[in-house]
Amino acid sequence: MNKEQILKELQFKAIRSSGAGGQHVNKVSSKVELTFNPQSSYGLSDAEKSRFLLKLEARLTKEGSLILQCDEARSQHKNKALIIKRFFDLLKKALEVPKKRKPTKPSRSSVEKRLKSKKIDSNKKAYRKKPDLD
């Protein structure tokens with residue numbers, strides 16, 4: 001993953017933010033929209049592209065682009081910095097390969113300990129019952 005190359009490929013668009021805020025929000029375009037197309041990216045290898053598409057398939061548009069928006073801050077520059085950080089966190093998480101699980105057996109002592117505690121609990125509950133007078 002070439003971070004500098006990917007950063008060059010990102011497309012940004014400033015939009016007017018919605019919601020409360022009065023006059024300020026109506027005249028300032030502080031919301032930032034980030035668009036990234038993984039298929040045409042030179043910063044990702046083919047294996048990384050396929051992993052990205054597999055992991056983030058539900059978040060992609062019909063054209064195959066990833067769109068993220070941020071309007072948390074009142075400043076366009078802060079929103080841009082936030083959205084870039086969020087994008088790279090998402091990319092890092094998507095490209096992470098999980099470790100292969102090694103199946104293990106429980107030790108003999110742990111099995112015996114578990115069975116012993118089950119027996120004790122069973123006896124406890126048996127003593128709570130009313131005695132059988134037959």
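## Helix 4 across the strands

Contact here means heavy atoms within 4.5 Å. In this predicted model, helix 4, which covers residues 76–95, lies across strand 1, strand 2 and strand 3, and helix 4 runs at about 140° to strand 3.

## The three-stranded sheet

The strands that helix 4 crosses can be described as an open sheet of 3 strands, in which the order is 1-2-3 and the pairing is antiparallel. Strand 1 (11–15) and strand 3 (66–70) are found at the edges, and each of them has a single partner strand, so one side of each is left without a neighbour in the sheet. From one strand to the next, the twist averages 20°.

Strand 1 and strand 2 run antiparallel and are joined by 5 bridges, and strand 2 (residues 31–36) also pairs with strand 3 in the antiparallel sense, again over 5 bridges. Valine 32 in strand 2 is the bridge partner of alanine 14, and valine 32 also has a bridge partner in strand 3, namely cysteine 70. Further pairings with strand 3 involve glutamate 33, whose bridge partner is glutamine 69, and leucine 34, which stands opposite leucine 68.

## Which strand residues are covered

Strand 2 is mostly covered, with 6 of its 6 residues buried. From this strand Lys31, Glu33 and Thr35 point one way, whereas Val32, Leu34 and Phe36 point the other way, and all of these residues are buried.

The side chains of strand 3 alternate along the strand, and here the two faces are unlike in burial: Leu66, Leu68 and Cys70 point to one face and are buried, while Ile67 and Gln69 point to the other and are not. Among the residues already named in the pairing with strand 2, cysteine 70, the partner of valine 32, therefore belongs to the buried group, since residues under 20% relative accessible area count as buried, whereas glutamine 69, the partner of glutamate 33, is on the face that is not buried.

## A buried serine in a loop

Serine 41 lies in the loop that stands between strand 2 and helix 3. Because buried means under 20% relative accessible area, serine 41, at 2% relative accessibility, counts as buried.

The side chain of serine 41 makes a polar contact with the side chain of glutamate 9, at 2.6 Å. When neighbours within four places in sequence are left aside, serine 41 is in contact with Ile6, Glu9, Phe36 and Lys49; of these, Phe36 is one of the buried residues of strand 2.

## Helix 3 against helix 4

Two packed helices are described by the angle between their axes and the distance between the axes. Helix 3 (residues 46–55) and helix 4 pack at an angle of about 100°, and their axes are 9 Å apart. Angles of 65 to 115 degrees count as roughly perpendicular, and helix 3 and helix 4 are therefore roughly perpendicular to each other.

On the side of helix 3, Glu48, Arg51, Phe52 and Lys55 take part in the contact, and they meet Leu91, Ala94 and Leu95 in helix 4. The residues of this contact divide into 4 nonpolar, no polar and 3 charged.

## Lysine 92 in helix 4

Lysine 92 also lies in helix 4, and with a relative accessible area of 58% lysine 92 is exposed, the cut-off for exposed being over 50%. The C-alpha atoms of lysine 92 and phenylalanine 52 are separated by 9.5 Å, although these two residues are 40 residues apart along the chain.

Conventions:
Residues numbered from 1 in each chain as written. Predicted model: local features only at pLDDT ≥ 70, side-chain atom pairs only at ≥ 80, totals over all residues. Heavy atoms only, no water. Pairing = 2+ DSSP bridges. Helix = DSSP H or I, 4+ residues; strand = E, 2+ residues; numbered from the N terminus. Axes fitted to C-alpha atoms, helices over the stretch in contact; angles between N-to-C directions. Buried < 20%, exposed > 50% of the residue type's maximum accessible area, 1.4 Å probe, protein only. Parallel < 35°, antiparallel > 145°, perpendicular 65-115°, else oblique. Nonpolar A, V, L, I, M, F, W, Y, C, P; charged D, E, K, R; others polar. Polar contact = N/O pair within 3.5 Å; in protein donor to acceptor, adjacent residues only side chain to side chain.
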